[in-house]
Every structure is written in C-alpha cells, then in structure tokens.
Amino acid sequence: MAEEKRESSPQAKIHCFQSLQIEVSGLQTIRWRTAKAQELFAFLIHRRGKPVRKDYLLELFWTDMEWKKGYSLLYTTVYQIRKTLERLGNGLKITNLEDGYLLEMGGISLDVEEWESQLRSLPPISEDSLSKHMELIEQYRGDYFAEYDYLWAESERQRLLADWYDHAMQVGRYLVGEREYPKAIALYLRLLRFLPHLEELHFTLMQQYDTVGDREAVTLQYNQLRNMLKEDFDMDPRPDVTEWLQKRKHVYRGEIEGN
C-alpha cells in the first residue's frame with residue numbers, strides 16, 4: 001500500500017533558477033506570509049542537508065535586532081515556513097537540532113542539482129548529442145534566485161552562471177565550426193540577454209553577422225556595444241574591436257554612429 005501511495009503521489013521539484021517555485025502538478029510560486037519567511041526558506045534550500053546554527057541565522061537575517069527579539073522573530077518565521085510546507089504536503093521538513101535547524105528534502109528534487117548532474121554527464125558535442133546540449137542550455141531560465149538579489153546567494157549565482165556560459169560557448173564554437181551560423185547567432189543572443197555587459201559577446205556576434213554578410217547587423221551590434229559602454233562605464237570599445245570593424249571588406253565606416 002505504501003508503494004502504491006508513492007507511485008500515485010506526484011513527485012515535487014523545487015525550482016531555484018530565476019525565482020523560487022515548486023512544481024507538483026504544474027509550476028507555481030509558493031505563497032509566503034512574509035518576505036523574510038521566503039528568504040529564510042530559500043537559504044535553507046541553499047544549505048539543504050546541512051545543519052544551520054540559530055545564532056548564524058540571527059546574524060544573517062536580524063543583524064541589528066536585540067537578541068531576544070531576534071530569536072522570537074526567528075521562531076515565528078520558522079513556524080510560518082513549517083505551516084506553508086504542511087499545506088504543500090510535499091515531504092519537505094525542518095528538523096530542530098540542539099542549536100539550529102536542518103532542512104530535510106524528503107526526496108524532493110532540485111532543478112539546480114539536476115541541471116548540474118546532467119551537465120557533468122553530457123557526452124562530447126556532436127551531431128547526435130547536440131540536441132541534449134541545447135536542451136540543457138534552455139533549462140537555464142534565469143540566474144540562481146535572480147528575482148530576489150539575495151547577497152548570500154551571489155557566489156553560487158556567479159558559479160552557476162559561469163558554468164552555463166562556458167558550456168554555451170563550447171556549443172557556440174561547435175555550431176560555428178559546423179557552419180550553423182543562424183543557430184550560433186541565436187545562441188549568442190541568448191547569452192547576451194544574461195550578460196549584456198560582456199564585450200566579448202558583442203564582438204563575437206559582430207563576427208558572426210559579418211560571416212553571414214549582414215552588414216547592417218554588424219554596425220548595429222557595434223553601436224549597441226559602444227552606447228552601453230559609454231552610458232554604463234564611460235568607456236569606449238576595445239581598440240581591437242574598432243580596428244576589426246574598420247578592416248572588414250565591407251565599408252562599415254560611414255555607417256557607425258558619430259562618424
């Protein structure tokens with residue numbers, strides 16, 4: 001009977017890319033009593049399977065609070081999280097320890113863990129495996145807890161983004177080598193949405209547009225790069241980027257803004 005119950009119960013998954021959501025019979029955002037309850041739960045997910053000391057949580061979430069008031073707010077927030085998890089009925093549980101808490105996942109999967117596991121097990125990029133590589137790139141729907149700007153998540157956010165970027169660039173180089181230029185351009189544009197300040201990406205797109213003979217797109221991309229650098233950093237594009245543009249066999253010089 002227990003086995004039948006497990007088979008009939010939908011398997012839940014916690015999503016951490018872009019925003020904190022839970023998937024049971026469909027993707028839905030968890031409704032929390034307070035923003036602090038959401039952040040504390042996100043932090044426990046971040047530290048899943050590892051004990052977290054109560055005094056550490058006080059320093060992280062109630063830094064300027066008098067300790068008695070801080071502990072009271074901590075206990076209230078943990079209680080709110082537990083009531084929310086009970087309503088979800090998905091097996092997640094916060095266990096009391098002598099001086100802290102432990103979040104037990106109860107077999108619930110995590111999109112971040114699944115994504116990393118698949119990334120490590122991918123075969124080399126080839127015609128046969130390309131679809132799997134592209135699918136994994138698409139699964140990265142946003143940075144780790146990107147909607148909330150949690151400072152404690154920043155190092156993990158940057159690590160995952162770097163892994164995704166490195167993998168996507170490998171796929172992009174494969175597509176270029178196979179002369180799949182439209183697919184490569186679409187991939188680099190996707191990367192640019194996540195990393196709009198990365199000059200190398202703008203330059204890579206300029207080179208690919210040049211390869212397919214789209215002169216207008218080359219100059220538009222250069223102007224976008226130049227405007228972004230000027231507005232956000234008061235800088236000009238790297239000399240090698242401008243020099244590359246001026247040396248193209250197509251005459252771009254007259255089409256660049258300001259010339």
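**Group meeting: core, rings and one small sheet**

Helix α7 is followed by arginine 179, and the phi of that residue is positive, near 60°. I start there and work back along the helix. This is a predicted model, so please hear everything that follows as computed from it.

α7 runs over residues 154–177. Is its length what the residue count suggests? Put properly: what span should the 24 residues of α7 have at 1.5 Å a residue? The expected figure is 34 Å, and the end C-alpha atoms are 34 Å apart, so the two agree.

Next, the core. The largest nonpolar core has 73 residues, and the members that touch the most others are Ile14, Phe41 and Phe145. Helix α7 supplies the largest share of this core, nine residues. As background, nonpolar side chains in soluble globular proteins tend to be buried together. Over the protein chain of 259 residues, 42% count as buried.

Take Phe41. Phenylalanine 41 sits in helix α2, residues 35–46. Why does phenylalanine 41 count as buried? Its relative accessibility is 0%, and the cut-off for buried is under 20%. Setting aside residues up to four places away in sequence, phenylalanine 41 touches Leu20, Ile30, Trp32, Ile81, Leu85, Leu92 and Leu103. With leucine 20, the separation is 21 residues in sequence and 9.6 Å in space, C-alpha to C-alpha.

Phenylalanine 145 has partners of several kinds. Beyond its neighbours within four places in sequence, its contacts include Cys16, Gln18, Leu20, Ala42 and Arg157. Tyr150 and Trp152 are also in contact with phenylalanine 145, and these three belong to one aromatic cluster together with Phe43, Tyr56, Phe61, Trp62, Tyr144 and Tyr148. The whole structure has 20 aromatic pairs. One cluster member, tryptophan 62, has lysine 36 over its face, at 5.7 Å from the ring centre.

Now the sheet. The protein chain has eleven helices and seven strands. Three strands make an open antiparallel sheet, in the order β4-β6-β5. Its edges are β4 (52–53) and β5 (93–96), each pairing on one side only. Between β4 and β6, residues 100–104, there are two bridges. Which residue in β6 is the bridge partner of valine 52? That is tyrosine 101.

Last, the contact statistics. Of the contacts in the protein chain between residues at least 6 apart in sequence, 56% join residues at least 24 apart.

Terms used: Residues numbered from 1 in each chain as written. Predicted model: local features only at pLDDT ≥ 70, side-chain atom pairs only at ≥ 80, totals over all residues. Heavy atoms only, no water. Core = buried A, V, L, I, M, F, W, Y, C linked by side-chain atoms within 4.5 Å. Buried < 20%, exposed > 50% of the residue type's maximum accessible area, 1.4 Å probe, protein only. Helix = DSSP H or I, 4+ residues; strand = E, 2+ residues; numbered from the N terminus. Contact = heavy atoms within 4.5 Å. Phe/Tyr/Trp six-rings, centres within 6.5 Å; stacked < 30°, edge-to-face > 60°. Lys NZ or Arg CZ within 6 Å of the ring centre and 35° of its normal. Expected span 1.5 Å × (residues − 1). Pairing = 2+ DSSP bridges.
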